[in-house]
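Me: I've got this model open and would like a close look at one part of it. Could you take your time over that part and then tell me how the rest sits around it?

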Amino acid sequence: MSGIRDYFGNIASALATTTKGMRVTLRYFTSEPPITVMYPHERMTLPPTYRGMHILEQDKCIDCHLCAKACPVDCIEIEAEKHGRVLEWKKFSIDYKKCIFCELCIPPCPVDCIHMTGEYELATDDNGNVAADLLMWTGLRPEDQAKLEGKAAPAAKAKPAAAGGGGDLKDRIAAMMAAKKAEKGEDD
Amino acid sequence: MNLLIELFAGLGLEGAWPLTFAYAVCIGSLLGFVTVYAMFAIWMERKVAAHIQMRYGPMETGAFHGWAQSLADALKLLFKEDLLPTRANAFLFWIAPAVVFCGVFAGMIVIPFAAGIQIVDLDLGIFFIIAISSVEVVGVIMAGWASNSKYSLFGAVREAAQVVSYELPAATALLAPILIVGSFKLGDFNAYQAEHGWLILANPLMPIAALCYFISSLAGCKRAPFDLPEAESELVSGFHTEYSGMRFSFFFLEEYVSMFVVSLLMASLFFGGTTLPFDLGGFGNWTEWARAETLGAAASLANATPEAIAAAARARTEAGPFADIGNLIGAHAGLAILILKTFFFIFVQMWLRWTLPRLRVDQVMTVGYKYLLPWGLFAVMGTAAWEVLV
Amino acid sequence: MEALEMYTTDDRSDVYTEELKLNLGPQHPSTHGVLRVELKMDGEVITQSRCDIGYLHRCAEKIGENVSYLQFTPYTDRMDYLASMNNNLAWSLTVEKMLDLEVPERAQWLRMICCELNRIASHLIAFGTYGIDIGANTPFFYAFRDREKIMALLERPSGTRMLYNYIQPGGLRRDVDDNWVDDVLTFCGEFEKAWVEYNTLLSHNRIFIGRTANIGIIPREMALDFGLSGPVLRASGVKWDLRRDVPYLAPYDEVDFEVPIGEGTYGTLGDCWDRYWVRMREMMESIRIIRQGCAKLPGGEVMTKKQKSMYKTPMKPGPGHAYMRCENPRGELGFYVVSEGGASPIRNRTRAPSFCNLAVLDQLLPGTMLGDAVAIIGSLDIVLGEVDR
């Protein structure tokens, strides 16, 4: 007789569990709003710790190469020439074909000059040009030139970053990204 | 259809031309309807699936919720490269989608969209639909074999087993309403339900028959939970893995057209067709008009008896001076009601697809032979007994 | 071989049949990564199976011999990429054992919370993708809605949604923000409601039970013989959980939780449904652990100054070796490190749970049908990233 009991039990449980499941999906169909973020019309808000594209506060950097040594995939290339205390910058590039966005390059920096921003839209269709140069200027700036030649530094420009660590990190990064965008027009 | 023949004859064509042109217009319009319907149904499926899954579905193509997505997909499929797998049987590969689509499409010629809007009113209405829809099995087997791919072969063999097996319970369950009405003609079901109320309420066994038919038809359309032949997570795409472009879209169209046919049969046979379960007072009487229209249509058939024609004429006169307008509204209201019911069942099919997991092939056979067939038979015998005793 | 006997006739001399060789994968919607299973089939029934792996091999162990201990942490993320926190933890504990590092208490408690959150996230993927394998496409989306919440929570301290590189030798990369603990508790409340819904929709569905009960039964002896671990082992009735039995993280001793084992509820002990159900219950146990962890979370720092200096100068342990094992969502993950005093180990061996669990597949598949094969592979919950490394 258990066969017959199983038979009817199967029918009962199939119908019962099916209708229960259908109630769940109907509830989602009628009353739960979609949770999709309609990219690119809307974007998600990122936390301040987000690990996106790097940014370098070039005037702080002392060319110590600790970040390059810390990188597990060796994607940072730095080239600068030292003239006493002044650096003549040639190259500071991160190869984003290699970078795994692990953030191991950030803690070793002794002067806290490299950061990761919230820039994640890095897709490009140019396979050769994926190494991003983080320098804001190359060679020597006028004030560097002046320092080399022993003249008094020209009147400090209204850069809050120059005064010892002043300004919130977030604001500094935001200011630098805005300046970068204004310069380049498009990201590379 | 007879109207069209008269129309063309009236234009001065002779011989077989009026018939040919009439057929051409009918088939053409049906094809147009099917294409537009399929595009809408695919859009609807994607939207239903999306909202069940807490997302939006198509939104970009076409300003309002991506209505043009299906159109864009159809255009894309038209432009796709026509692939033929290596060492595939080219003739069978080529002809399989056509066979599959034509089988189901041919079933639509007996469907009464409304009284008078029917291509052919065969005596064997339902029987013809069931029989001609079976032709698609041959097409599916051809597709699976000719693709020269083991996955496609798996899908085809499973599909053959499944669809052929489930025709038994489907046809058996359909015998219950046929017994009550006493005819295979689809128009008669409408007329009977206009008189006696919905067939699903006719006796306590009718809901069982309706449920059996609905589940069997899900299996016949290869819809979840019986979507083994296209079991995506096992067989990539089953028997139509190797198809691309327009050939693939034929299979897709076939699935949605058979969903439509099945839902329409469900609506017409069990749930009243063009009639509502209650009478709407005030505005005159819709069911009266629907009945009058149906009876009026019966009069236009070639084999109607003079008594039937006279009865129809009387019914028309009794309906009142506004009968013609009423009939017109009634016919269109009836069509709208039928389409709404059909789309409700299509929605239920989609709802089930996105809720339930898939049955394994031996479980499919078990459900078909051990559960649905016995209960279908029980429903038919019970209906017969009820008709005799009650 | 019961299915084979059930579905073939005795006298087959008049019917010409051929054995069908079918390749399941490496590109397949259901093999959970790039796994290739060669099947020999008699109609729908599998007679022989052979797993072929290596499609995702990335030489992680060899790379481990060339990078420093801290630099290897992101590589451990990418092994079992669905349970990155747990992988990081296992590696950090191994390095801490080699170097005899002391980790602050707050770091240990936050490690436990993050690992349990990641366990839930990993089991949600197992649940969702198992539904898809069986044919139910909808629970996947609901699971991912909850997974999104977890990823947003873990994004705040670590900076990224997956591959966190957050649990590092010495402690944690950084502390969590002020509202994090409250948001974690909010998530716990929401998840408990969602869990009930998952069961209504999938777990107790008759069709799902029909597809998974009495399929792929791993008896207790087979489980122990093959060295299985994690939910696969526990579903066969063996109550073995490293968090309880070989405690590797002190806070696990101070929280109260059950170790769910299979009970053969709908079929036989050790079938696919049992494995699935053990994972579901483990998610609820993880919620318990997280709630207690958040309540007892101590203050303090998350990495000592000494450890922080190791960002600049690579750590150099003395000669020796260490093996630490942790309870990953998929089983027992172990790291064996041999050092000769340099900045990199000379041998870095990973004992991946999915690799060991996969070995039992060739025993389970013969005699089943193709649909069952998919169900069995899904129930083992393998990640090819750690099978191949």
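What follows is my question and one long reply. How many bridges join strand β6 of chain C to strand β7 of chain C, and how many residues does the hairpin between β6(C) and β7(C) run through?

Reply: Sure, but one thing before we start: this is a predicted model, so local features are kept only at pLDDT of at least 70 and side-chain atom pairs only at 80 or more, while totals for chains, interfaces and linings use all residues. Residues count from 1 along each chain as its sequence is written, with chains lettered from A and ligands numbered from 1 in the order written.

Now to your strands. Nine bridges tie β6(C), residues 320–328, to β7(C), residues 331–339, and the two run antiparallel. Strands here are DSSP runs of E, at least two residues, and helices are runs of H or I, at least four, numbered from the N terminus; a pair needs at least two bridges. To get from β6(C) to β7(C), the chain makes a hairpin through two residues. If you want a landmark, try Glu327(C), which stands opposite Glu332(C) in β7(C).

Chain C has another bit of sheet for you to look at. β1, β2 and β3 of chain C form an open sheet of three strands in the order β1-β2-β3, with antiparallel pairing. At its edges are β1(C) (20–24) and β3(C) (45–52); each has a single partner strand, so one side of each is left without a neighbour in the sheet. Zoom in on β2(C), residues 36–42, and you'll find seven bridges to β3(C), again in the antiparallel sense. Asp42(C) is the residue to click on there, as it stands opposite Val45(C) in β3(C).

Stepping back, chain C as a whole comes to 17 helices and eight strands. Along the principal axes, its C-alpha atoms fill a box of roughly 80 × 45 × 35 Å. Of the 389 residues in chain C, 53% are buried, meaning that 20 or more other C-beta atoms, placed from the backbone, lie within 10 Å of a residue's own. Take the contacts in chain C with a separation of 6 or more, and 72% of them link residues 24 or more positions apart; a contact is a pair of C-beta atoms within 7 Å.

Chain B has 15 helices and zero strands. Buried residues account for 48% of its 390 residues. Among the contacts in chain B with a separation of 6 or more, 76% are between residues 24 or more positions apart. A nice spot to check is Ser249(B), in helix α11(B), which covers residues 245–269. Ser249(B) is buried, with 22 other C-beta atoms within 10 Å. Leave out residues up to four places away in sequence, and Ser249(B) touches Ala74(B) and Leu77(B). Asn190(B) is another story: it lies 59 residues from Ser249(B) in sequence, and the C-alpha atoms of the two are 33 Å apart.

That leaves chain A, which puts twelve residues in contact with eleven residues of chain B. While you're there, have a look at helix α1(A), whose buried residues are Thr17(A), Gly21(A), Val24(A), Thr25(A), Tyr28(A) and Phe29(A).

Notes: Contact = placed C-beta atoms within 7 Å. Buried ≥ 20, exposed ≤ 12 C-beta atoms within 10 Å, placed from the backbone.
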